[in-house]
Amino acid sequence: MAVNERSSGEILNFLEGQLLMDPNSLDFYPREDRPRIAYLIKQYGILYVLETASYYDDSTKHSVDKKLHQLFKSLSYLSDIYSKNVTYVEFLDRVHTGELVLHENGLWDVPHPWLNLFTPKSGIQAFNNGVFKKILLKQNFTASTFLVYPIWDDNMSAVIPDEEIFYTTEFLLSSGFNNWQVFDNINKEILEFCDKAGIKVKKYLGYHDSKEEWINHFGSKWKTFQDRKNQFDPKMILSPGQKIFN
């Protein structure tokens, strides 16, 4: 995707990976391309999609496509590239378009038992084989998104794997009001697999049942987090329901 009206000098300004496993859930793709994409899903089971955005302005509009295609040559992928030009505002508002589609399909006002993990690079291949290919694909749980963020501020309290490179893996599932437990069990199965496989994932905005589990979650950051709690909330007023200090 090329985004008009803004330029930063970088080739890529946005990068997101996504798994496509359901040939009937292609509303976000051009209508004329859906049969081809559906065929590839049926052929391979999983399509690994990279969505990128590159900002450009009048001075770079004639070179942006050439630079992107040159970059993509270094990847091993099928020769299917879908691109379009949008304004910067349209790019920022793209999620709203998806929201309207979910409203039309009755998938907005329903339970969303999401699971968000930080997955270390050292375990991503095992994660792909054990979670994406086995747990999700074989059990027909096809609505998930794989995101990549290359930078994180280590001074924040959020806990990330103890590796330079890690991936944000998000499973954005939608369930009915009567079967949400099935989806919740899938999330538990994913976490159990990671634990048994030794993949040291970290839950983003996770929930734990005891202080000991929270200490394990924070790992080397526990003391820093505890010191900040003592400094800014010494009376333990904030967030008692999370069972971190209470």
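This is a short talk on the fold, cores, ring pairs and salt bridges of one protein chain.

Good morning, everyone. What you have in front of you is a predicted model, and I would ask you to keep that in mind throughout, since every value I quote is computed from that model.

Let me begin with the overall picture. The chain contains 8 helices and 8 strands, and 36% of its 246 residues count as buried. If we take the contacts between residues at least 6 apart in sequence, 76% of them join residues at least 24 apart. The accessible surface of the chain is about 15,900 Å², and carbon and sulfur atoms account for 53% of that surface.

Now to the interior. Which residues touch the most other members of the largest nonpolar core? That core has 21 residues, and the ones in question are L117, F127, V131, F132, L136, F171 and I190. Two strands and two helices, namely β5 (115-120), β7 (166-171), α5 (124-138) and α6 (180-197), each contribute at least two residues to this core, and the helix that gives the most is α5, with 6 residues. To see how these elements come together at a single position, consider I190: leaving aside residues up to four places away in sequence, I190 touches L115, L117, F127, V131, I135, L136 and F171. There is also a second core, separate from the one I have just described, which has 8 residues and includes Y29, A38, L40 and L47.

From the cores I turn to the aromatic rings, of which the model has 14 pairs. One of these is formed by Y55 and Y88, whose ring centres are 5.4 Å apart and whose planes stand at 90°, so this pair is classed as edge-to-face. The two partners come from distant parts of the chain, with Y55 in strand β3 (residues 47-56) and Y88 in helix α3 (residues 88-92), 33 residues apart. Both Y55 and Y88 are buried.

A second pair makes a useful contrast in geometry. The ring centres of W222 and F225 are 6.4 Å apart and their planes meet at 35°, so here the pair counts as tilted; for the classification, the angle matters because tilted pairs are those that are neither under 30 degrees, which would be stacked, nor over 60, which would be edge-to-face. These two residues sit 3 apart in helix α8 (residues 222-232), which means that about one helical turn separates them. W222 itself is buried, because its relative accessibility is 10% and the cut-off for burial is under 20%. Ring pairs also join W222 and F225 with W214, F218 and F245 into a cluster.

While we are in this part of the sequence, let me point out S210, which is found in the loop between β8 (202-203) and α7 (211-218). S210 is partly exposed, at 22% relative accessibility. Its C-alpha lies 9.0 Å from that of N246, although S210 and N246 are 36 residues apart in sequence.

Next, the charged side chains. How many salt bridges does the structure hold? The count is 3, and I will take each in turn.

In the first, K188 and D184 meet with an N to O distance of 3.9 Å. They are 4 residues apart in helix α6, so about one helical turn lies between them, and both are partly exposed, K188 at 43% and D184 at 23% relative accessibility.

In the second, D227 is bridged to K223, with the closest N and O atoms 3.0 Å apart. This pair is again spaced by 4 residues, here in helix α8, and therefore by about one helical turn. D227 is partly exposed at 38%, whereas K223 is exposed at 56%.

The third bridge joins the side chains of K229 and D233 at 2.6 Å, N to O. Are these partners buried or exposed? K229 counts as buried, with 13% relative accessibility, and D233 is buried too, with a relative accessible area of 7%.

Finally, the outside of the chain. A nonpolar patch of about 430 Å² on the surface is made by L15, L50, L75, Y77 and I81. Of these residues, Y77 belongs to the loop between α2 (64-72) and β4 (85-87), and Y77 is partly exposed, at 41% relative accessible area.

That is where I will stop; thank you for listening.

Technical notes. Residues numbered from 1 in each chain as written. Predicted model: local features only at pLDDT ≥ 70, side-chain atom pairs only at ≥ 80, totals over all residues. Heavy atoms only, no water. Buried < 20%, exposed > 50% of the residue type's maximum accessible area, 1.4 Å probe, protein only. Contact = heavy atoms within 4.5 Å. Areas by Shrake-Rupley, 256 points an atom, 1.4 Å probe, with all protein chains shown as cover. Patch = residues over 30% accessible without salt bridge, like charges linked within 9 Å, V, L, I, M, F, W, Y side chains within 5 Å. Salt bridge = Lys/Arg side-chain N within 4 Å of Asp/Glu carboxyl O. Core = buried A, V, L, I, M, F, W, Y, C linked by side-chain atoms within 4.5 Å. Phe/Tyr/Trp six-rings, centres within 6.5 Å; stacked < 30°, edge-to-face > 60°.
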